[in-house]
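Ready to get to know a new structure? Grab a pencil and try these short exercises, each with a worked solution.

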Amino acid sequence: MANITPEEVIVTDFAVREHRSLWIDAWRRLISSNTARLGMFIVALFVLSAILAHYFWEYDPKVDLDYTLKLKPPTLVANEDVPSVHLFGTDKLGRDIFRRVVHGGWNSLRVGIVAVGISLTVGGLIGLFAGFYENINMTSLERIFLFGFTGLIMGILPAWAAAQPLQAVLMAGLGVAAAYFPNFHKDSINRLWIFAAAGGVVTAVPSLFAGSLVTLVCGVWGILTGALLSRPLEGKFFSNVMMRLMDIVLSFPGYLLAIAIVAFLGPGLEKGMIAIGIVSIPVYARLTRSAVLAVIQKEYILAAQAVGEKHGRIIFRHLTPNILSPIIVQTTMGLANAILSAAALGFLGLGAIPPEPEWGAMLGDSYRYLTSGAWWAVLFPGLAIMLSVLGFNLLGDGLRDALDPKLRT
Amino acid sequence: MSNYIIRRIISVLPTLIGVTFVIFMFQRLIPGDPAVAMLGEHATEESIERLREQFGLNRPLFLDREALADGDLAGFFDSQYVRYMKRLFSLDMGESIHRRIPVAETLAIRFPATIELALLSMFIAIIIGIPVGIISAAKRNSAIDSISMVGSLVGVSMPIFWLGLMEIMLFAVLMQWLPAGGRLGTGIEIKPITNLYLVDSLLMGNFQAFKDVFAHIIMPAIALATIPMGIIARMTRSSMLDVLQEDYVRTARAKGLGRGLVLFRHALKNASLPVVTIIGLQMGTLLAGAVLTETIFSWPGIGRWVYDGILGRDYPIVQGGTLVIALVFVGVNFFVDIMYALLDPRIRYD
């Protein structure tokens, strides 16, 4: 037996594994899953082809027109009838469908990203603040802001009725005062009476000039508002109002609401993005809020509060990173949904304005020629929609498994 | 329990008020003057003004400041919104601007058409989605599992209008097996009893008519069913997997019960709660989201009707149709919540 020198022994300490960050862990889990790899491949294919086509493959939809090539089936080699190669055939204006499908990807991705950006930013912020202040007491500065804002909103009606902005300012002031003196006649019915009376006075007196009935209506409104402001409004109030608003948006079916918003804004790709973005705000708001509620009682939040960190810092430095995983998953799947909704709007003629290439609009353009046998004009744009949506969904599925091993089933 | 139901009803009220408010805002914010839409481009100023007067379109939207300044309290509240709410409470939905048919009348015909389509789609989605989910969970990580899960993801990713077009191309244009659109073939009479034609034709005992109705409804129903099918299959699978890890399932297997018995008697029962929830939620989406399917198959339902109403500025239709859809939506969600509380005694709501 030969002597073994110490250098030849590879010491493996099985108790301590190499240090890896959570994200690297998640990434390894992600690329070890077949379906996630498939999803990544499809997404990469669409993203790359869209970007490359947009920057390196010139296409001007306004001059793309050739009636001699109207509705030709797909060809792989050039022949006498069709002198050029059309992988996916041509549409009713003789345009190459392959080219339009590839360029359409740019528009679909843009819609997806902008729409998800809108709903993620607005919905995410609403959810973050609603979930946070539902559980954490507001600081006096925040309470002043909340009360002042509530007063301002409530003061708009009397200000409008009496045709002068003074009441809104006075009501805001009353709100600030209510927040500034939270202990003034606390736990006593007197607080209610005092604030109600103050509210009545600050709205009724400035509207004396506008007529006696105006004074009466404003005064009643002011008394009610004053009574509301005398209550110890907390984050729960804010959260309730916000979530109720989200419920209202959610009680409209997505497509109809999007169609109505587009009808209001006018057709166009940009309007479509906004409509789809608005429609899915509540999804993100609810998701973020429930994610916040799941971690808000954790020790690190308590610790951050205990050392006196500012609320903004707790929200964005401690809370946000810890609720990222469900939001990343929802964002990926949201991209899929946005692409699908954009295609639906385009199909109904409410999305991209022709001749701009967009998958849904291409379908809507060509489906009347289905009965005359032009299947290629419908098949390929639809396949592009389905595959890209499937890609994002597969990726989102894989991300869910990778980011949250507890959910792994 | 009844306490919970009452509190839940109260919490729905602000949502309902908000819904009516949003619907009101939409029909007023959509550009275009309804009076001009009604009379056409060539109407005289005078007749337009008279019509605006007649429909109250010359009133302010919410509150009348000038009436208040004049000391007229009733005039202060006499606005378009208040009139609209009054009409709602007296269940008067007005009549279509273009066709002059009462909205409620059209609704009574069109709403059952959408319901029939949605119910059949949901039926298809359930009888395929749930077994697929159960099998995937039982054969976890097998080839069957992977295939059916990717398959259900394809279902979720399906642009239903495209699937509908492909169906038409295959079965109506190429094979000529099924009609490409509509609800009823020519020359077939159905006595409307429930206005669900499948039920009506059976009630009449007319199997010829039933066959025809079925041939018309099956393609749109399948197109509409793909997305909920995928969602139900995935939900069933993950919920079953959760339950199959429980101790009582292991105990049942250990004491010698058969695999199938444990799967269906023990596991499925306890896994069904989230599945029932998702079915309820999808039902609302189906009822409402049928716009696209109805467009492609010229199905005379409510989604298509509202869509045409929005484009044609037919405000009463938009208002009545959206209201019914939103009410069904809110109602289904409410029902699901209550069912949840009834089905799962572990959940305490007070």
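**Domains, fold and contact**

Keep in mind that this is a predicted model.

**Exercise 1.** Find the domains assigned to chain B and say where their centres sit relative to each other.

*Solution.* Start with the bounds: domain 1 of chain B covers 2-89, and domain 2 of chain B covers 103-349. Next, take the centres over C-alpha atoms: those of domain 1 and domain 2 of chain B are 36 Å apart.

**Exercise 2.** Describe chain A by its helices and strands, its extent and its buried share.

*Solution.* First, count: chain A has 16 helices and zero strands. Then look at the extent: along the principal axes, the C-alpha atoms of chain A fill a box of roughly 90 × 90 × 35 Å. Now check the radius of gyration: chain A has 30 Å, whereas a compact globule of 409 residues would have one near 22 Å. As for burial, 46% of the 409 residues in chain A are buried. Last, take the contacts in chain A with a separation of 6 or more: 71% of them join residues 24 or more positions apart.

**Exercise 3.** Work out what chain A brings to its contact with chain B.

*Solution.* Begin with the totals: 43 residues come from chain A and 42 residues from chain B. On the chain A side, the elements giving two or more residues are α4 (140-161), α7 (212-230), α8 (235-250), α9 (254-265), α14 (324-347) and α16 (376-403). Of these, α16(A) gives the largest share, nine residues. Finally, sort that side by class: 32 residues are nonpolar, eight are polar and three are charged.

Conventions. Residues numbered from 1 in each chain as written. Chains lettered and ligands numbered in written order. Predicted model: local features only at pLDDT ≥ 70, side-chain atom pairs only at ≥ 80, totals over all residues. Contact = placed C-beta atoms within 7 Å. Helix = DSSP H or I, 4+ residues; strand = E, 2+ residues; numbered from the N terminus. Nonpolar A, V, L, I, M, F, W, Y, C, P; charged D, E, K, R; others polar. Domains from an automatic or database assignment. Rg over C-alpha atoms; globule rule 2.2 N^0.38 Å. Buried ≥ 20, exposed ≤ 12 C-beta atoms within 10 Å, placed from the backbone.
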